[in-house]
Number of protein chains: 4
Amino acid sequence: MTDDADRGDDAEATSDGGDDREGTPPREEFRRDPVEHASVRAGMTVGELASEYGKAGIGAADLAEAAGIYAEMLGREDVTNFVGLAGAMIPTGMRRIVAELIRDDHVDALVTTGATLTHDTIEAIGGKHHHGRQHGEGSLREHDERLRDEGVDRIYNVYLPQEHFTLLEEHLRSAVFPAVEAEGSVSIERLTAELGRANADRNAEEDVAEDAGIAAAAFENDVPIYAPAIGDSVLGLQAWMYSQISDFSLDALSDMTSLTDMAFDAEKAGALVIGGGVPKNYTLQTMLVAPDAYDYAVQLTMDPEHTGGLSGATLDEARSWGKLEKAARNASVYADATITFPLLVAAARERISK
Amino acid sequence: MTDDADRGDDAEATSDGGDDREGTPPREEFRRDPVEHASVRAGMTVGELASEYGKAGIGAADLAEAAGIYAEMLGREDVTNFVGLAGAMIPTGMRRIVAELIRDDHVDALVTTGATLTHDTIEAIGGKHHHGRQHGEGSLREHDERLRDEGVDRIYNVYLPQEHFTLLEEHLRSAVFPAVEAEGSVSIERLTAELGRANADRNAEEDVAEDAGIAAAAFENDVPIYAPAIGDSVLGLQAWMYSQISDFSLDALSDMTSLTDMAFDAEKAGALVIGGGVPKNYTLQTMLVAPDAYDYAVQLTMDPEHTGGLSGATLDEARSWGKLEKAARNASVYADATITFPLLVAAARERISK
Amino acid sequence: MTDDADRGDDAEATSDGGDDREGTPPREEFRRDPVEHASVRAGMTVGELASEYGKAGIGAADLAEAAGIYAEMLGREDVTNFVGLAGAMIPTGMRRIVAELIRDDHVDALVTTGATLTHDTIEAIGGKHHHGRQHGEGSLREHDERLRDEGVDRIYNVYLPQEHFTLLEEHLRSAVFPAVEAEGSVSIERLTAELGRANADRNAEEDVAEDAGIAAAAFENDVPIYAPAIGDSVLGLQAWMYSQISDFSLDALSDMTSLTDMAFDAEKAGALVIGGGVPKNYTLQTMLVAPDAYDYAVQLTMDPEHTGGLSGATLDEARSWGKLEKAARNASVYADATITFPLLVAAARERISK
Amino acid sequence: MTDDADRGDDAEATSDGGDDREGTPPREEFRRDPVEHASVRAGMTVGELASEYGKAGIGAADLAEAAGIYAEMLGREDVTNFVGLAGAMIPTGMRRIVAELIRDDHVDALVTTGATLTHDTIEAIGGKHHHGRQHGEGSLREHDERLRDEGVDRIYNVYLPQEHFTLLEEHLRSAVFPAVEAEGSVSIERLTAELGRANADRNAEEDVAEDAGIAAAAFENDVPIYAPAIGDSVLGLQAWMYSQISDFSLDALSDMTSLTDMAFDAEKAGALVIGGGVPKNYTLQTMLVAPDAYDYAVQLTMDPEHTGGLSGATLDEARSWGKLEKAARNASVYADATITFPLLVAAARERISK
């Protein structure tokens, strides 16, 4: 037997976890709740898939937990549902799922971006976003230069012809801004409701779009839409330009009154947060000025936690601030929201339909 | 009208895309293939969800495309299916899905890590991984120090009691290594087959595990398992320690012969790559020494592309190397594989069952 | 010679790149600009390090390019410098670098978040953020519950005692809001200037903080601070609460007038964008209503591009929208901004000091 | 006063942290170690920058700590330095920094990939990698198809003409493989040493490269290079092809003997881990079969932790396995290694040169 073999033998003991621990299995707390293994089959429902995720770990387990929480949020009568919606979710095809949640009374307040409303309205008046897989000639930079020449805006791999912004401007200037101009400084919530009305009317007249969209559904179901950073969008730029030639103006703060009222009045409060940014924080921070906090919170995000920014922050961090109840049920899923959002909604809908 | 209002008016024209472009919509190539919007309903199947993803963008569209490609890979008789499997997929509950794919003849060759085989075998002989949500007292570091004291290894949020490594060692030394010791320098493929046989035998005798697992399924279905970096694992450490007290030795290169043979013989070749690392590259690089390349390739990964490393590299990059046919169908989904892998398999199974 | 050996030999030819290409090296365009190799030595300056980065690839090359562009932005008299600042940059120690850039006339307009101003002011009136490496007893969730009990807010790994928010409220209600209350609906820019004045005054009186901070420096140097989503912060909540008991109100849109004026007046325009979110987009979108666009743009971000969101979007994408000139110099560095921002500023300062 | 104003007033109390906590500041443990603010100036050294990072948070603080630890690893005579090197660090310009660390006696063992040795050798025999910013005509996919036609391999944004692989093959078959062919099954370490000798000889003869590189430096300084997954690379494919027409064969396990010996003999052991994959795990796992564990560990990585994979795992997790001493000093920097690696080395070299 060589020296090396000796070392091999010694090592063996070491790899056992050390002699001193032999026969002393770790405490029960480290040995419970075994990971099972997911199983899938042809024709299974999305709800069944979500249950299988529950056996597994990492993101799958988080998604299963999120689906359970979201089903409870949707299924209980006493939960007021706040939704924070950020990111390029309209250009990437998530518009109908949000609109249908609103129409089915699953949203009580929507906090979103000016860009979401911009792109929602573009489609409401007949515009389209286009899959832009072809990146064109030359380098990436040259391709974007060419898009510029062609009058096409790029949103990652989606193309948006700029002509739609001209049509948007006409819609806003004829059907939206004038309707609130006489009211003095209006709340953002008031403007977004008027936008929803105009989008709904436009479709009632002409049926230009397959789906009148999020703002229209919210208007028709009396769901307020908050867009605290509305200035930060083409919609906001248009609003500003209109304010230069009219009496129109927007109040930056007054939305908080009705949003906070809603938080005060909620028996139970739930938050579904898709993406980060202002919609996430604004949805959560409401509880800093309310007596209670969220009882349920589900977050779907691709923003990494380790940037330290609010967008990627865990919901546990929100608990330290008092944005979530200490006893709240919460889950964060760190994965592509275009995949997880439809899956979450389908699974939660299945669960409550039973 | 103020100067600012003037500017607002000028700006308006600018936001139209510029006068010179007015009335000249962008070329057809930038206006085709509109993004539709996904819709979900209670009770829909996973295959139906995957179809809805196909209407959308970003990762959802990629996943829909991946499901279509993978269904074709599984459904066509003439496709030889290579699977690269990396990452903590056993500790996180993906073991049964892989084993069932093997049992249903959907895997012709598996390239994986020593760690995958280590954890697969631990479960095959009755061990368990445990959900480790509770991170314990003190700081994170102190928690890991405590786990060390308790004899528990942590894999992200999964706990593995070290006692299982003792049982693994006994299994390897009694049922696996001695069986090949007399054969001289054996290929890694030979060792993994013997491991599969031993795991299957153990379960046939005692039924210690719910599922005999990946290595056992591969053995029983004559599917070779390649683990080119086998030394880089507890299984590899055990193999080395055994080699110190026996004639056992492993050949680092000879697996390539049968793997390359399989690539030569494949009418059509398809690669499903889960995670990055050695399994990804080894699966793909085989085509550098084969006359043809992959006709199909699907990649599920969380490794970011912009590190420049192979793990996150696109499959288009692999095309520049000749690892994929120029005409190959390929899709990469950058999202949590514990979510996307079950979803992909369920959707593809549904499609081919029709 | 076996069959396998034959295959080995065949393969060899294949690995050469194919017979047909032998002797035909790739076109010149694929063979220029070789990657050199960085070299480092004890005592080298940050500017020298940035030059070494220029020899390398991936993020290092981007950082070298960004340093060159930023040096040109700072060094040329005719460049108007817009800075977008998002993320937890104050709690993580970047406050002084921003304040010093302002004091040295390197910032002409700052677009930031309400949170940045909140945390900047907390430090201006004597508060501190604390390194929170110790995550406490119990699970992570339990730790956050405990922080809640202790009255400590967590920002990733930074702790902020809530008592500072009481002091902030006193400061705002005594020294900031009353000063603008009589002016009717004020612009956000007006409020942030008043905040800067109050922070500067407080330090002039008592010298409570080592550095009076960003808002104070901006006030003292006539640099406007835009915070379009100011409502989305504790500062915004305080402003709203004050508006409930006073005539104070904020105009959501009017900032755009002076920001757009600045874009109109700029001979050359440069953007330094740190983090994503509203500050990034608002900084860039200004050019949608200006006759020209950015001539220089540098972005430091950890937001991944492949979410499709604006935060991670490349600056080339911004070119398709006309936010950047087609001929603009631009660079994006995808890495931790607490590392890259000090490095960029030190390297650019070194370059222009020569 | 309206109801809303009342609520505003109530809210105010809530935002104070609650009446019950008023006057009770959080315990000392949550109030110590304040975040300071970094400051930078023209002409500062990299070591000074690293010190400034130490005042800040997130990645900057981690990098400052890493620099301190690495300086101690390099400065103490009694530390045996293990380096794990993965990722595309040669194509991206990090080759000279590694070679110079070896030449200056700062590396005692190097664990790396076959790809690293492949690219190092290509440059050692006169080849070059090229910046590939221009992505060519057509879509990204079409660009890669064109690269394929041109005989150019792409590594993210770096181009490598395939002709270099022909020259590599000639070098390996004339100067490397034959030299060890007669020795029977050789260890990987033996092969990499021979590679280093051949690369050094080639440069001694002809001076074809600016720097003979990593393998050459390791050979000349008696530093062993371990590449446990050597088969997973073009170097490995070449080795396999040569094994088909010769007696050459490689032993998959025997390297562990000398690596483990080194771990046994180390008074203090330190690990610098760049990137993830096999080099990371193999470097760390050695301690599973050694009596002690790493006393120092620094990790530079872009692999995200939340994949659950080993590549992104924290070094604290390694502590639970016993790969790090409980009392070890360790730091992980999650940022682009092409930026952090040169910075770390420059700062550590500065510190020990004083």
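# A tour of four chains

Start by showing chains A and B together: their contact takes 85 residues from chain A and 86 residues from chain B. Here, two residues are in contact if their C-beta atoms, placed from the backbone, lie within 7 Å. This is a predicted model, in which local features need pLDDT of at least 70 and side-chain atom pairs count only at pLDDT 80 or more, while totals for chains, interfaces and linings use all residues. Residues are numbered from 1 along each chain as its sequence is written, and chains are lettered from A and ligands numbered from 1 in the order in which they are written.

**Stop 1: where A meets B**

Select residues 337-353 of chain A. This is helix α14, which gives ten residues, the largest share of the side of chain A that touches chain B. (Helices, H or I with at least four residues, and strands, E with at least two, are DSSP runs numbered from the N terminus.) Colour that side of chain A by class and you will find 38 nonpolar, 23 polar and 24 charged residues. In this scheme Ala, Val, Leu, Ile, Met, Phe, Trp, Tyr, Cys and Pro are nonpolar, Asp, Glu, Lys and Arg are charged, and the others, Gly among them, are polar.

How is chain A laid on chain B? A turn of 180° with a shift of 0.0 Å along the axis does it, with an RMSD of 0.0 Å. The two copies are thus related as by a two-fold rotation axis. The superposition is by least squares on the C-alpha atoms of residues with pLDDT of at least 70 in both copies. To find the axis, pick A:Thr45: of the residues of chain A, its C-alpha comes closest, at 2.0 Å. The copies meet through the same surface, because 100% of the interface residues of chain A are also interface residues in chain B.

**Stop 2: the sheet in chain A**

Now show the strands of chain A. Six of them form an open, parallel sheet in the order β7-β2-β1-β9-β10-β11. β7 (225-226) and β11 (324-334) of chain A stand at the edges with a single partner strand each, so one side of each has no neighbour in the sheet. Zoom in on β2 (residues 109-112) of chain A, which is joined to β7(A) by two bridges; strands pair if DSSP finds at least two bridges between them. A:Val111 stands opposite A:Tyr226 in β7(A).

**Stop 3: a covered helix in chain C**

Move to residues 234-244 of chain C, helix α10. How many of its residues are buried? Eleven of its eleven are, including C:Trp240 and C:Met241. Buried means that 20 or more other C-beta atoms lie within 10 Å of the residue's own, with C-beta atoms placed from the backbone.

Add helix α5 (residues 114-124) of chain C: its axis and that of α10(C) come within 7 Å and cross at roughly 90°. That makes α5(C) roughly perpendicular to α10(C), a term for angles of 65 to 115 degrees. Axes are lines fitted to C-alpha atoms, for helices over the stretch in contact, and angles run from 0 to 180 degrees between N-to-C directions. At the contact, C:Gly114, C:Leu117 and C:Thr118 in α5(C) meet C:Val234, C:Leu235 and C:Gly236 in α10(C).

**Stop 4: a sheet in chain C**

Stay in chain C and show its open sheet of three strands, β3-β5-β4, with antiparallel pairing. To see β3(C) pair with β5(C), select C:His131, whose bridge partner in β5(C) is C:Val158.

How values were computed
A residue is buried if 20 or more other C-beta atoms lie within 10 Å of its own, exposed if 12 or fewer, and partly exposed in between; C-beta atoms are placed from the backbone. Angles under 35 degrees count as roughly parallel, over 145 as roughly antiparallel, 65 to 115 as roughly perpendicular and the rest as oblique.
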